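Me: I'd like to go through this one with you, packing and charges both. Can you pull it up, and what should I keep in mind while we look?

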Amino acid sequence: MARTIDPGFIGRQAELDALHAALARAGAGRPGIVLLAGEPGIGKTRTAQELVAHAARSEVLALWGRCPEEPGAPPYWPWLQLIRRWLALHDAAERTAVLGAATPHLAALDPDLAASPPPPVDADPVKTRFRLFDAIAAFWQRAAARTPLLLVLDDLHRADVPSLRLLEFVMAEAGASRLMVLGTYRDSEVTRQHPLSDTLGELHRHAQVQRLLLGGFSPAETARFVAAAGMAAPELGAALYEQTEGHPLFLAELTRDLLQSRESRTAGRRVPQGVREVIGSRLNRLTPGCVAVLQHAAVIGRDFPFELLCRLLDDTPPARCLEALAEAHTASLIDESADPGSHQFAHALVRDTLYDELPGARRAELHRRIAMTLEGGHTPALSALAHHWRAGGDSTKAIEYATRAAERATAMLAHEEAARHYRLACGALAGGASADTQRARLLLALGDAQNSAGDSAQALVTFSDAAECARRLGDASLLASAAIGFGNAQWRVGSKGSGAVALIGEALAMADPSSRRERVFLLSALCRALLFSNRPDDAEAAYREAVAIARVLGDPLALFRALSAIASGRWFPDRLGLRTEAAREAIELVRAAGHPEWSVASLTGWHIGDLMESGDTAGAMATARQHLTTGEAMREPFNEAVALAALAMVAAHEGRFDESEQLALRALHCGERFDRANAAGMFGVQMFTLRRQQGRLGELAPVLRQFLAGASQGTTWRPGLAVLHCELGARDDAREVFEGLAARGFAGVAHDAIRIASLAYLAEVCAWLDDAARAATLAELLRPYAERNIVFGAHTASFGAAARLLGMLATTRRAWDEAERHFEFALALDARSGGRPWLAQSRCEFAAMLLRRTAPGDADRAGVLLEASLADARVLGMRALEARAAALQAPAAAATRLRVAGLSEREVQVLQLVAAGKTNQEIADVLCRSPATVAIHVRNILGKTQAANRAEAAAFAVRHGIVRSD
């Protein structure tokens with residue numbers, strides 16, 4: 001019989017202290033999550049078990065949920081385990097009290113969890129997912145109110161994405177509950193693209209998070225481990241540390257191997273090359289019957305219910321099966337599972353070694369038998385059935401159950417899981433034309449799931465494959481669905497719409513003329529694709545035809561699709577009225593139908609930009625918040641990122657710079673889940689705008705200059721580079737970039753979503769360079785926006801009133817009256833829209849114009865504008881504006897002094913000296929003038945100021961700021 005090694009718990013004192021402290025905080029109503037990270041076999045689970053034992057001693061209820069290593073588990077599996085275990089430990093009265101309103105929602109996850117039927121399916125999937133999450137979070141809060149809770153989520157790197165999203169929600173809603181969550185994961189497997197990486201970021205926003213990284217044992221701890229195993233030779237401990245670096249799993253396996261071979265010396269003995277080899281040698285010491293039982297268990301998975309194992313071993317009596325499991329347990333190859341009546345392999349490598357040793361045909365046969373057994377269960381395990389039928393070679397049933405599992409995941413808004421199951425179903429399809437219809441339908445469903453999960457780039461490929469299947473079949477309806485899906489994915493990744501235009505056109509040509517609803521959807525998709533192809537007239541024609549057909553049909557969804565299609569043409573200023581009118585009607589349709597997800601999918605993200613452009617900042621913020629709430633409930637990263645970026649834009653527009661930066665970071669983090677390049681570009685623009693406002697652009701200059709200069713040989717980022725040169729005072733560099741962009745009347749500035757931002761940057765550079773020749777051209781290009789704000793994209797950055805820029809360009813051309821009209825409008829719009837930073841900018845630029853014009857009263861007004869601009873700049877932390885306004889204030893004050901009471905410049909100088917107490921002779925000496933000339937100036941000053949004597953004249957000078965009172 002194999003000797004069991006139980007050296008007790010060694011080391012990890014610092015980690016245990018931190019875990020105990022976190023558990024104590026949770027018990028005091030300060031919930032939190034601790035994450036144990038490390039490589040496989042480093043002791044994460046063992047350390048968690050030690051905390052569970054401590055929790056039991058501290059009267060804290062500890063529950064364990066493991067994320068499965070094998071495929072086939074349903075969505076939310078670790079949470080289902082936790083809930084089941086809590087329910088199993090409490091009587092009916094306690095279950096009823098704590099479950100409360102959560103009962104029907106838990107039944108929707110698993111009918112075995114609750115006696116009541118699940119709630120009726122809500123047509124709004126957003127509400128469904130939110131209610132589910134809210135019900136589960138409330139359940140844990142009520143449970144923790146009765147008894148402090150420790151929830152262990154083991155192997156989080158294998159968690160399905162819906163389970164991770166639920167973890168984020170539970171921790172965000174933990175409040176003051178007595179709840180601690182302990183999660184373990186392999187840090188080596190969590191890349192930036194891994195779903196857990198996103199969850200770690202979200203958890204840090206909403207919860208008290210602590211991360212502990214486990215390493216190997218120290219040499220002293222290794223020696224203690226070896227001694228506890230009964231081999232106290234010091235040189236053995238040192239040798240094993242050298243060979244294992246204190247890795248607990250490797251150390252345990254090698255020590256056990258030494259014990260079982262009855263050796264206590266390493267001299268002359270070959271150390272196995274890997275843990276698999278060690279496991280293999282241990283398996284060789286088991287009886288053949290025990291190995292056969294374990295191989296059957298390995299086909300089930302790392303966790304295996306005893307009842308299912310016995311049904312597989314129909315020629316082995318249950319008593320013999322129990323003996324085999326006892327033998328394996330004694331050899332430390334399996335453990336008791338947290339699920340009653342189940343066991344689990346001690347490590348995945350044990351299971352993998354046994355599974356790989358089975359002949360392929362035998363494995364397939366066992367998978368089929370497991371699938372047939374599971375089919376007879378009370379609640380079919382759809383994911384597991386798909387896995388086992390696929391491994392068993394029955395593609396028909398594998399596709400059936402994978403599709404059902406995907407549909408269930410979609411209904412639960414577990415988009416990532418749905419995509420995984422659809423991929424499994426596609427992979428199980430046989431080749432040949434006979435399967436094309438089924439393949440096309442599966443590809444369409446996969447593309448939709450990928451798009452919802454944020455993987456729009458891959459969705460483009462999937463929809464293209466679906467279109468090819470539809471062509472081979474000559475199926476117009478399938479081609480229409482593929483074309484619409486392709487168009488939706490294409491605009492999400494920001495690609496030009498030409499590919500979608502061609503595909504949608506092909507689908508329209510093939511479509512059945514009698515399918516009028518389908519035609520509305522195709523025309524709506526075509527409208528958006530044409531907008532992204534810079535064909536606004538054709539887009540409007542498609543839009544109007546779609547709306548006309550939809551109105552006749554009386555179909556709310558069809559009409560919504562048609563109305564919202566025009567919304568994405570934000571870079572066509574002449575159609576703002578059309579977009580706004582369509583959006584208002586579409587939003588009213590959404591309210592009446594009760595489907596907020598319609599708006600989030602294709603309307604409100606664009607409408608936010610139109611609201612900002614119109615100066616309705618409050619409306620834009622309310623729309624963005626609603627978009628975020630709905631997007632979060634739908635768990636679609638694209639829509640979450642859109643809303644967060646929009647909120648960052650509004651915060652910056654209103655001068656809430658710190659809040660804007662945090663929102664921009666959240667938008668970046670979320671956006672990287674679906675399109676890293678676009679997310680980084682959006683974040684770059686937002687940070688560029690913020691740092692300019694804060695006067696901190698110089699901090700980013702080296703990185704920005706390198707990026708902007710090398711990002712593209714085209715014109716996309718060149719306007720930003722020109723602005724950067726201006727901000728840093730590099731006039732010659734700014735001129736060089738500006739000249740390149742100004743060629744042929746700025747013809748090289750693309751007609752795309754960032755055109756208006758490029759023109760705005762170039763207008764500022766033009767004014768800074770005082771280039772009157774180009775100012776007229778730029779003013780003409782900006783004129784359509786004269787009474788609007790300028791917005792970068794739909795939800796990236798606001799540049800305030802375009803009238804400010806038009807005023808600057810008019811100043812450059814010395815068109816003073818025109819400049820004044822523009823600046824007056826800019827002040828009104830900036831104030832109305834709450835654009836406090838832009839109002840301060842407009843005041844400063846208006847003052848600069850007045851100081852250049854020098855008409856009567858200009859200097860006084862300039863002084864007032866500069867005082868207000870300076871006050872806001874100081875409060876908001878706009879250092880560059882503060883410096884510019886202060887620099888303009890000195891000449892403004894001087895000009896004001898010259899105009900007080902009609903005093904000349906020389907008379908002001910004389911009055912300043914009179915106020916200083918100097919005699920006429922002393923003044924004559926200072927000014928190099930004769931005393932007689934000074935006397936004439938003094939008489940003029942007394943007359944103009946209506947002063948009776950020199951003392952009253954001095955008081956006049958103090959009152960009017962000609963001299964300071966101190």
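Reply: Let's fix one term up front: buried means under 20% relative accessible area, exposed means over 50%, and partly exposed is in between (1.4 Å probe, protein chains only). This is a predicted model, where local features need pLDDT of at least 70 and side-chain atom pairs count only at pLDDT 80 or more, while totals for chains, interfaces and linings use all residues. Residues are numbered from 1 along each chain as its sequence is written, and side-chain values use heavy atoms, with hydrogens and water left out.

Me: Asp858 pairs with which residue in a salt bridge?

Reply: A salt bridge here is a side-chain nitrogen of Lys or Arg within 4 Å of a carboxyl oxygen of Asp or Glu. Asp858 is buried, at 5% relative accessible area. With an N to O distance of 2.9 Å, its partner is Arg853.

Me: And is Arg853 buried or exposed?

Reply: Its relative accessible area is 16%. The cut-off is under 20%, so Arg853 counts as buried.

Me: Which helix holds both Arg362 and Glu365?

Reply: Their side chains meet in a salt bridge, 3.0 Å from N to O. Arg362 is partly exposed at 26%, and Glu365 is partly exposed at 31%. They are three residues apart, so about one helical turn separates them, in helix α17 (residues 360-375; helices are DSSP runs of H or I, at least four residues, numbered from the N terminus).

Me: How many salt bridges does the structure hold?

Reply: Some of them link up into a network, with Asp436, Arg439, Glu468, Arg471, Arg472 and Glu506 in it. The count for the structure is 51.

Me: Now the packing: how many residues are in the largest nonpolar core?

Reply: A nonpolar core is a set of buried Ala, Val, Leu, Ile, Met, Phe, Trp, Tyr and Cys residues joined through side-chain atoms within 4.5 Å. Leu778 is among those with the most contacts inside this one, as are Phe738 and Phe799. Leu778 touches Phe746, Leu759 and Cys766, among others (contact means heavy atoms within 4.5 Å). The largest core has 95 residues.

Me: What is the C-alpha to C-alpha distance between Ala847 and Ala859?

Reply: Ala847 sits in helix α42, residues 836-853, and is buried, with a relative accessible area of 0%. Beyond its neighbours within four places in sequence, Ala847 is in contact with Ala862, Leu865 and Leu866. Ala847 and Ala859 are 12 residues apart in sequence, and their C-alpha to C-alpha distance is 8.1 Å.

Terms used:
Helix = DSSP H or I, 4+ residues; strand = E, 2+ residues; numbered from the N terminus.
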